[in-house]
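Trainee: I would be grateful for a close look at one residue and at the setting in which it is placed.

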Amino acid sequence: MAKKPQLAVDTRPWRDPKAKPFVRIRNVTKKFGDVTAVNDVSLDIYKSELFCLLGGSGSGKSTLLRMLAGFEQPTSGTIEIDGQDMTHVEPYNRPVNMMFQSYALFPHMNVEQNIAYGLKRDHMPKAEIAARVAELLALVKLQDYGKRKPHQLSGGQRQRVALARALAKRPKLLLLDEPLGALDKKLREETQFELVKIQESLGVTFIVVTHDQEEAMTLATRIGVMNQGEIAMIGEPTDIYEFPNSKFVANFIGSANMVEGVVTEDEPDHVRIRSAELGCDIYVGHGVDCAPDQILWWAIRPEKMHVSRDKPEGQFGANVTKGMVEDIAYLGDMSLYQVALDSGKRVRVSQTNSIRGNPDAITWDEVVYVSWADNAGSVLTV
Amino acid sequence: MTTAHEPTIPPPRRLRPWNAVERRLARVGITGRMLVLVAPVLWLLVFFLVPLLVVFGISLATKQFGRPPYSALLSTEEGTVQLTLHLSNYIRLFTDNLYVAAYLSSIRIAAIATIITLIIGYPMAYAIARSSDRWRNILLMLVILPFFTSFLLRVYALTGFMRGNGVINQFLALFGIEPLVMMQTDFAVYVGIVYTYLPFMILPLYTTLVKLDVSLFEASADLGARPARTFLSVTLPLSMPGIIAGSMLVFIPAIGEFVIPSLLGGPGTLMIGRVLWDEFFTNTNWPRAAAVAMAMLVVVVVPIMLLQRAQSAVVEK
């Protein structure tokens, strides 16, 4: 395996308030007629980052990417790349290259000609072009395919040609639109790691647009979750998953059980929430910015809950509820239990299958207790 | 979770009598696929190949007075059947300068007209292909609209524009410009051919251009190509099939064009279509006219075949 990457783990410029961002998107809005595709988005992206824009279809992520490439002009706002205002610069004058979702390889040119296309536009000497093309073909492991036409390549090979072509001009910023979208699952997983490796070895800043949250989690240093043209949350993958800032993010990333409750105790070191849906109190072991009697939401991931036949010791008379196993999905590495609580609310709890072929596993129609730790869930006010 | 045993549904059975008929026909070698193929083959045989052979036959006869106005190929004389083939018509085509000059002149006029049509038609096709869905159908309709009036009428209407006291000259007179001589010149013939055949150029160009993925142009711009470079390196090579198809559709009928040169052209406009007309109707020399037609076929077909071979070779690469 490759050496542990230095960039992703040890340097996090976004945590340093003095760091200068490489790409600055300031209050960018894009309207198509009456439709607002991107609404007042501000975003800082730092050098050598692998930033993922994650969102469903119509969330505005692709429009934002196209504005960075210069194919669309913002209705208002500015885009700065490496300290220069790029808002109205033509695509062919930007230090930015893009890898297209459809790859957009020129069908009448072979692999070498495709990769050399951008270099020729810079009037690079022929010998240098040939050397650079050979270097890129080696990078994407396609040395023997230089003379082939795109239609003679497999999907994965085409994807690599598209990547090599986008990297050829050594762009300061590489934009990738659903780079792995057209590949099958197995190939996608392999390519994900390869993409990260290439990004780290070259130190180019990547901005990746994807709708696949697993892909975003694997690739990104930071993720920007987009919803209806706005950024819902920006953060490192763990922040986004473990500490979602809103109901939307909690539901969009992974799966979450969401319940409504009323604040009954609001102390600096803990909060108690009464939830009729859960049929018990929720004791949260840290202070929350809320007021007594406020109605709010509490979200918890399936793997943060526990099912058992015996009633566990509930902390502070809370965080334990009772229900009946309604359905089980056996996924091999773990099982997913759907438990119907007395209130009729259904919660999903996952349990790792650590015992091989466990004969004593919890099964259908059993009455079980569901419990969780006092810091396992997220209190959400929006 | 229990899995219920679902009854397996038998595949639907086809009607029995039809089955039997089909099997019997198949035994004789008649299948549905063959019937579909036979119809167009039969059509081409009756309405294309047979008439062509008749024309070829006439081209090997000699002119004579009477009805029909050419000699019979087969004659029976004293119990022997004689086949008489006259090659004189073909020999005459090469020895008489008129014919060679007419062929060359036709090819020249058709080629120049094709290039002009391409230069005018390409931007139009490009604009239509890149316009919004709503406009695209309206614009395409406008391209096809001239076909709703008679071709003859449209060409004749052009004379109203170009003649001495026509619309154009009257307009120029408003600015005190001397009237231009346009009618009965090669210029008028070019105008006529370009005007008439423009839709045949635009439609195939449009179909190739509309299929081109916009992201290819974006990729080219993204890699640093200005719009002109993108056009030369990406758009133009990828629209080559449309250019070839459109040029063929204009060039081939333009070579044999008769109506346009006779209505708009002058006595100096030499085209093979007019020569053929004169041979046929003025001189009533059917065999000579047939030979002219056969030679024209060779003149047109050979370059097309060469071109097609070149094209398929490019595709295979």
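Which residues does B:V234 touch, not counting residues up to four places away in sequence?

Mentor: Setting aside residues up to four places away in sequence, B:V234 touches A:F106, B:L216, B:F217 and B:S220. Touching here means contact, that is, C-beta atoms, placed from the backbone, that lie within 7 Å of each other. This is a predicted model, in which local features need pLDDT of at least 70, side-chain atom pairs count only at pLDDT 80 or more, and totals for chains, interfaces and linings use all residues. Residues are numbered from 1 along each chain as its sequence is written, while chains are lettered from A and ligands numbered from 1 in the order in which they are written.

The residue in question belongs to helix α10 of chain B, residues 227-238. Helices (H or I, at least four residues) and strands (E, at least two) are DSSP runs numbered from the N terminus. B:V234 counts as buried because it has 23 C-beta neighbours inside 10 Å; the term requires 20 or more other C-beta atoms within 10 Å of the residue's own, whereas 12 or fewer make a residue exposed and values in between make it partly exposed, with C-beta atoms placed from the backbone. Between the C-alpha atoms of B:V234 and B:T208, which are 26 residues apart along the chain, the separation is 13 Å.

As to the surrounding chain, chain B holds 14 helices and 2 strands. Its radius of gyration is 28 Å, well over the 20 Å given by the globule rule for 317 residues, so chain B is more spread out than a compact globule. That radius is taken over C-alpha atoms, and the rule is 2.2 Å times the number of residues to the power 0.38. Along the principal axes, the C-alpha atoms of chain B fill a box of roughly 95 × 80 × 40 Å. Of the 317 residues in chain B, 25% are buried. Among the contacts in chain B with a separation of 6 or more, 70% join residues 24 or more positions apart. Elsewhere in chain B, the peptide bond from B:R67 to B:P68 is cis, with omega near 0°; B:P68 sits in the loop between α2 (32-59) and β1 (74-77) of chain B.

One of the partners of B:V234 is A:F106, which leads to the contact between the chains. This contact takes 16 residues from chain A and 15 residues from chain B. On the side of chain A that touches chain B, β6 (96-99) and α3 (111-121) of chain A are the elements that give two or more residues. The most comes from α3(A), with 3 residues. That side of chain A divides into 9 nonpolar, 4 polar and 3 charged residues, where Ala, Val, Leu, Ile, Met, Phe, Trp, Tyr, Cys and Pro count as nonpolar, Asp, Glu, Lys and Arg as charged, and the others, Gly among them, as polar.

Confidence remains to be stated. The model scores ipTM 0.83 and pTM 0.80. For chain B, the mean pLDDT (the predictor's confidence in each residue, from 0 to 100) is 88, and 93% of the residues reach 70 or more. Where pLDDT is low, the predicted coordinates should not be read in detail.

Conventions
Contact = placed C-beta atoms within 7 Å.
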